[in-house]
Amino acid sequence: MSMQDPISDMFVRIKNAQFANKISVNVPCSKFKKEITILLKKEGYIEDYHIKNTQKSNLEIFLKYFNGKPVIENITRVSTPGLRIYKKRNEIPQVISGLGIVIMSTSKGVLSDKEARKRGLGGEIICYIS
């Protein structure tokens, strides 16, 4: 059976692992997922990540907790394979008045909303994280 939306699958795996208080979660690796994971680490939402090379490479994401609660409270997928959502540089939304982040796919790669505004770029809204 084929997976229709691998990015949503990655987010669901992260949510489920945090709900079960797991230390890490394994996700099938792709270049796009790796870029999202790098951004999550840079923004402080995950501890670390490693790429496991077995027959198929997996991305092991080490989850971050603060006082026993997961740092990522909510991940909301915005753009899906059936409905892409694009925003211009002056239309980029804010999550919880700037406390959360918007992950965007731009012509310069995967960026947070703050970085996209700073560079003056618009693009596809991948998800909201708070």
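Biologist: Before we start, what does "buried" mean here?
Modeller: Buried means under 20% relative accessible area, exposed means over 50%, and partly exposed is in between. The model is a predicted one.

Biologist: Fine. Which residues of α1 are buried?
Modeller: Ile-7, Asp-9, Met-10, Phe-11, Ile-14, Ala-17 and Gln-18 are the buried ones in α1.

Biologist: Any general reason to look at the spacing in a list like that?
Modeller: An α-helix has 3.6 residues a turn, so residues three or four places apart point the same way.

Biologist: What should α1 span, and what does the model give?
Modeller: With 14 residues at 1.5 Å a residue, α1 should span 20 Å. The C-alpha atoms at its ends are 20 Å apart, so the two values agree.

Biologist: Now packing. How do people describe a helix pair?
Modeller: Two packed helices are described by the angle between their axes and the distance between the axes.

Biologist: And at what angle do α1 and α2 cross?
Modeller: Helix α1, residues 6–19, and helix α2, residues 31–43, have axes that cross at roughly 40° and come within 10 Å. That angle makes α1 oblique to α2.

Biologist: Left-handed or right-handed?
Modeller: The crossing of α1 past α2 is right-handed.

Biologist: Which residues meet there?
Modeller: From α1 there are Pro-6, Ile-7, Met-10 and Phe-11. On the α2 side they meet Phe-32, Lys-33, Ile-36 and Thr-37. By type, the contact has 6 nonpolar residues, 1 polar and 1 charged. Ile-7, Met-10 and Phe-11 are also among the buried residues of α1.

Biologist: What comes just after α1?
Modeller: Asn-21, with a positive phi of about 55°. Asn-21 sits in the loop that runs between α1 and β1, the strand at 24–28.

Biologist: Why flag a positive phi?
Modeller: Most residues other than glycine have a negative phi. Asn-21 is a residue other than glycine, and its phi is near 55°.

Biologist: Is Asn-21 buried or exposed?
Modeller: Asn-21 counts as exposed, because its relative accessibility is 52% and the cut-off for exposed is over 50%.

Biologist: Which other asparagine has a positive phi?
Modeller: Asn-67, which has a phi of about 55° and is not a glycine either. Asn-67 is in the loop between β4, 65–66, and β5, 69–70. With a relative accessibility of 70%, Asn-67 is exposed.

Biologist: Staying around β4, what does Tyr-65 touch?
Modeller: Tyr-65 is a residue of strand β4. Outside the four places on either side in sequence, Tyr-65 contacts Ala-17, Gln-18, Asn-21, Lys-22, Pro-70 and Val-71. Ala-17 and Gln-18 are buried residues of α1, and Asn-21 is the loop residue with the positive phi.

Biologist: How far is Tyr-65 from Asn-21, C-alpha to C-alpha?
Modeller: 8.8 Å in space, with their positions 44 residues apart in sequence. Tyr-65 itself is partly exposed, at 26% relative accessibility.

Biologist: Switch to β1. What about Val-25, buried or exposed?
Modeller: Val-25, in strand β1, is buried at 9% relative accessibility. Apart from neighbours within four places in sequence, Val-25 is in contact with Arg-13, Ile-14, Ala-17, Leu-59, Glu-60, Ile-61 and Leu-63. Of these, Ile-14 and Ala-17 are among the buried residues of α1.

Biologist: And its distance from Val-12?
Modeller: The C-alpha atoms of Val-25 and Val-12 are 11 Å apart, and the two residues are 13 residues apart in sequence.

Biologist: Where is Ser-57?
Modeller: In strand β3, residues 57–63. Ser-57 is partly exposed, with 28% relative accessible area. Residues up to four places away aside, Ser-57 touches Pro-28, Cys-29, Ile-51 and Lys-52. From Ser-57 to Val-27 the C-alpha distance is 8.9 Å, at 30 residues apart in sequence.

Biologist: Last one. Which residues does Ser-112 contact?
Modeller: Leu-39, Glu-43 and Val-102, leaving aside neighbours within four places in sequence. Ser-112 is in strand β9, residues 109–112, and counts as buried at 2% relative accessibility. Its C-alpha atom is 9.9 Å from that of Lys-42, 70 residues apart along the chain.

Note on methods. Residues are numbered from 1 along each chain as its sequence is written. This is a predicted model: local features need pLDDT of at least 70, side-chain atom pairs count only at pLDDT 80 or more; totals for chains, interfaces and linings use all residues. Side-chain values use heavy atoms; hydrogens and water are left out. Axes are lines fitted to C-alpha atoms, for helices over the stretch in contact, and angles run from 0 to 180 degrees between N-to-C directions. Helices (H or I, at least four residues) and strands (E, at least two) are DSSP runs, numbered from the N terminus. Angles under 35 degrees count as roughly parallel, over 145 as roughly antiparallel, 65 to 115 as roughly perpendicular and the rest as oblique. A crossing is left-handed if the near helix is turned anticlockwise from the far one by less than a right angle, and right-handed if clockwise. Contact means heavy atoms within 4.5 Å. Ala, Val, Leu, Ile, Met, Phe, Trp, Tyr, Cys and Pro count as nonpolar, Asp, Glu, Lys and Arg as charged, and the others, Gly among them, as polar. The expected span of a helix is 1.5 Å times one less than its number of residues. Buried means under 20% relative accessible area, exposed over 50%, partly exposed in between (1.4 Å probe, protein chains only).
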